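Here is a short guided tour to read alongside the sequence and the model. Keep the viewer open and follow along, beginning with a loop and its backbone.

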Amino acid sequence: MASKVIQEFKADEKVKGLARKYRYDEYMVARFARFVPDLEKFLASMEEPPRTYIRVNTIKVSANALIKRLTDKGFIVKALDLPDCLEVMSEPYSIGASAEHLLGLFYIQDMSSMVPALALAPVPGDVVIDMAASPGGKTTHLAQLMNNEGILIAIEAEPARMPGLMLNLGRCGVMNTVVYGMDARELSKLDIRADKIMLDAPCTGEGVIAKDRTRKTSRDISDIEYCSNMQTELIDAAYECLKPGGVLVYSTCSFAPEENELIVDHAIKEHGMKVEPIPYGEPGLRSFGELKFDPQVVNARRLYPHIHGTSGFFVARLKNV
């Protein structure tokens, strides 16, 4: 595959100063300066501890029943507008150590990462594929939305990540899922056509810097190019296995346009897919440096920590028309 055009920009004095202040590689801040609104507020927000969110597992419990159980134990949680999403405001001990978590009554999951399953909106009876399933946050969310009915195919390429996926499927009471250990780029070998596909693609992880500060300096331009090429191969594989009229949700936890808008632009131009609106976040970019994207790409959505109070995320809903 030909290399992608990864955009690089010269760092001016402001960028150099912010990179020093917040301890980033200059190339990252120079790129952020081209598309992130209110750059310094954005960088400062990633110095703060990330908020804790949980998703009510409605396979096992209602939101009201879970809130009462947690409140009785001294936790303070707040229901948010996003369906089944609670923010943990105060905890007497780690909520991950609670009996309710061990029983699978909820899943600890950033609010932004709940958006892809909601955007895909599977229903009972659908055939759904999750192309990068572990540790299972989106897989268990999809099963929940499907009411444990239909067929959910979970793909995981890394053997070391398989036990975590299996544990979470069992903990959350998921019964409609078949797990395959394989490279999702070979998905067509399963000879399955899906109503809906989730592709939460492996990425450079720029959006989770608040949780992993090493990512300020542990990735470089070559990592963006590597991920972008792999993501293109993955979305091509997804398209091959999607029914006519089917829906594909593409997401990453990266801010890099080459991992986001450029991949969606490829799906539009190579496969004729249509990008449908999502009612969350900020519009996708129209351009980045020398890259110009199809006008439909603005229907994709970006989530930023300083605007939405979440990890950084990108989500696009594409229809096979």
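## A cis peptide bond before α7

P135 sits in the loop that links β5 (127-130) to α7. Please bear in mind that this is a predicted model. The peptide bond leading from S134 into P135 is cis, and its omega is near 10°. Most peptide bonds, by contrast, are trans.

The helix on the far side of that loop, α7 (residues 137-145), lies across β1 and β4. Its direction makes an angle of about 35° with β1.

## Positive phi values

Most residues other than glycine have a negative phi. With that in mind, two loop residues are worth selecting in your viewer. R23 belongs to the loop between α1 (13-22) and α2 (26-32). Phi of R23 is near 65°, a positive value in a residue that is not glycine. Is R23 buried or exposed? R23 counts as exposed because its relative accessibility is 52%, and the cut-off for that label is over 50%.

D191 lies in the loop between β7 (177-181) and β8 (194-200). D191 is not a glycine either, yet its phi is positive, at about 55°. With a relative accessible area of 63%, D191 is exposed. A glycine can be added to the tour: G173, found just after α8, has a positive phi of about 70°.

## The sheet around β1

Next comes an open sheet of 4 strands, with antiparallel pairing and the order β2-β3-β1-β4. Which strands stand at the edges? They are β2 (76-79) and β4, and each has a single partner strand, so one side of each is left without a neighbour in the sheet. On average, neighbouring strands of this sheet are turned by 35° against each other, with direction ignored.

Strand β1 (residues 52-56) is mostly covered, as 4 of its 5 residues are buried. On one pairing, β1 and β3 (residues 85-90) run antiparallel and share 4 bridges. On the other, 3 bridges join β1 to β4 (residues 106-108), again in the antiparallel sense.

Individual residues show how these pairings line up. I54 has L86 as its bridge partner in β3. R55 stands opposite C85 in β3, and R55 also stands opposite Y107 in β4.

## What covers α8

Helix α8 (residues 162-171) has buried residues M162, L165, N168, L169 and R171. Which elements help to cover these buried residues of α8? The cover includes the helices α5 (99-102) and α7, together with the strands β4, β6 (151-156) and β7. Two of these names have already come up in the tour: α7 lies across β1 and β4, and β4 is one of the edge strands of the sheet.

## Where α9 meets α10

Helix α9 (residues 221-240) packs against helix α10 (residues 261-271) with the axes 10 Å apart and an angle of about 40° between them. That angle makes α9 oblique to α10. The crossing of α9 past α10 is right-handed.

On the α9 side, the contact is made by S228, Q231, T232, I235, D236 and Y239. On the α10 side, these meet L262, I263, H266, A267 and H271. By type, the residues of this contact divide into 5 nonpolar, 5 polar and 1 charged.

## Two residues of α10

H266 is part of helix α10. H266 counts as buried because its relative accessible area is 18%, and the limit for that label is under 20%. Which residues does H266 touch, leaving aside neighbours within four places in sequence? The contacts of H266 are T232, I235, D236 and H271. Among them, T232, I235 and D236 come from α9.

I263 is also found in helix α10. At 0% relative accessibility, I263 counts as buried. For a final distance to check, I263 and G284 lie 21 residues apart in sequence, and their C-alpha atoms are 12 Å apart in space.

Methods
Residues are numbered from 1 along each chain as its sequence is written. This is a predicted model: local features need pLDDT of at least 70, side-chain atom pairs count only at pLDDT 80 or more; totals for chains, interfaces and linings use all residues. Side-chain values use heavy atoms; hydrogens and water are left out. Buried means under 20% relative accessible area, exposed over 50%, partly exposed in between (1.4 Å probe, protein chains only). Helices (H or I, at least four residues) and strands (E, at least two) are DSSP runs, numbered from the N terminus. Two strands pair if DSSP finds at least two bridges between them. Axes are lines fitted to C-alpha atoms, for helices over the stretch in contact, and angles run from 0 to 180 degrees between N-to-C directions. Angles under 35 degrees count as roughly parallel, over 145 as roughly antiparallel, 65 to 115 as roughly perpendicular and the rest as oblique. A crossing is left-handed if the near helix is turned anticlockwise from the far one by less than a right angle, and right-handed if clockwise. Contact means heavy atoms within 4.5 Å. Ala, Val, Leu, Ile, Met, Phe, Trp, Tyr, Cys and Pro count as nonpolar, Asp, Glu, Lys and Arg as charged, and the others, Gly among them, as polar.
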